[in-house]
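Hello,

Here is the structure for your files, with notes on what was found below it.

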Amino acid sequence: MIDNAQNEGSVSYLFENHAAQLPGSPYISMSSAQEVGEFFARGPDGNQSGYVTVFQVPENFAQPNFENADPWEREYLAPTQIPEQYILRQYQVTPQGTP
């Protein structure tokens, strides 16, 4: 994906194709909405357990994904590594309908 972005000459290519099931995105997807993290942690069918990591990152660490038109996601893209010092907590979610 990075090679394609260099050929396209634009970071827009990376942002647009981040979630397009293409390998090699240099970004980690983050959201400012807790319910979004829990939705993705449970998987596409909502039937798996998963973990949500809550970060507190400096301003301008992650950039809004201007190519994601879904306002519900409130998606931000961060570099491929987030320093451990920015982790506030992690918690497990269970499948939907499970107490």
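Which residue follows H3, and what is the sign of its phi? Glycine 43 follows H3, and its phi is positive, near 85 degrees.

This is a predicted model, where local features need pLDDT of at least 70, side-chain atom pairs count only at pLDDT 80 or more, and totals for chains, interfaces and linings use all residues. Residues are numbered from 1 along each chain as its sequence is written, and side-chain values use heavy atoms, with hydrogens and water left out.

Helix H3 (helices are DSSP runs of H or I, at least four residues, and strands runs of E, at least two, numbered from the N terminus) spans residues 34-41 and holds phenylalanine 39. Val36, Glu38 and Ala41 of H3 are buried (under 20% relative accessible area; exposed is over 50%, partly exposed in between; 1.4 Å probe, protein chains only). Among the elements covering these buried residues are strands S1 (27-31), S2 (50-55) and S5 (87-93). Phenylalanine 39 is partly exposed, at 38% relative accessible area.

The largest nonpolar core (buried Ala, Val, Leu, Ile, Met, Phe, Trp, Tyr and Cys residues joined through side-chain atoms within 4.5 Å) has six residues: Met30, Phe61, Ala62, Ala78, Ile82 and Tyr86. Beyond neighbours within four places in sequence, alanine 78 is in contact (heavy atoms within 4.5 Å) with Pro26, Tyr27, Ile28, Met30, Phe61 and Ala62.

Proline 79 belongs to strand S4 (residues 75-79) and is partly exposed at 35% relative accessibility. With the same sequence neighbours left aside, proline 79 contacts Pro26, Ile28 and Phe61. Its C-alpha is 4.9 Å from that of tyrosine 27, 52 residues away in sequence.

Regards
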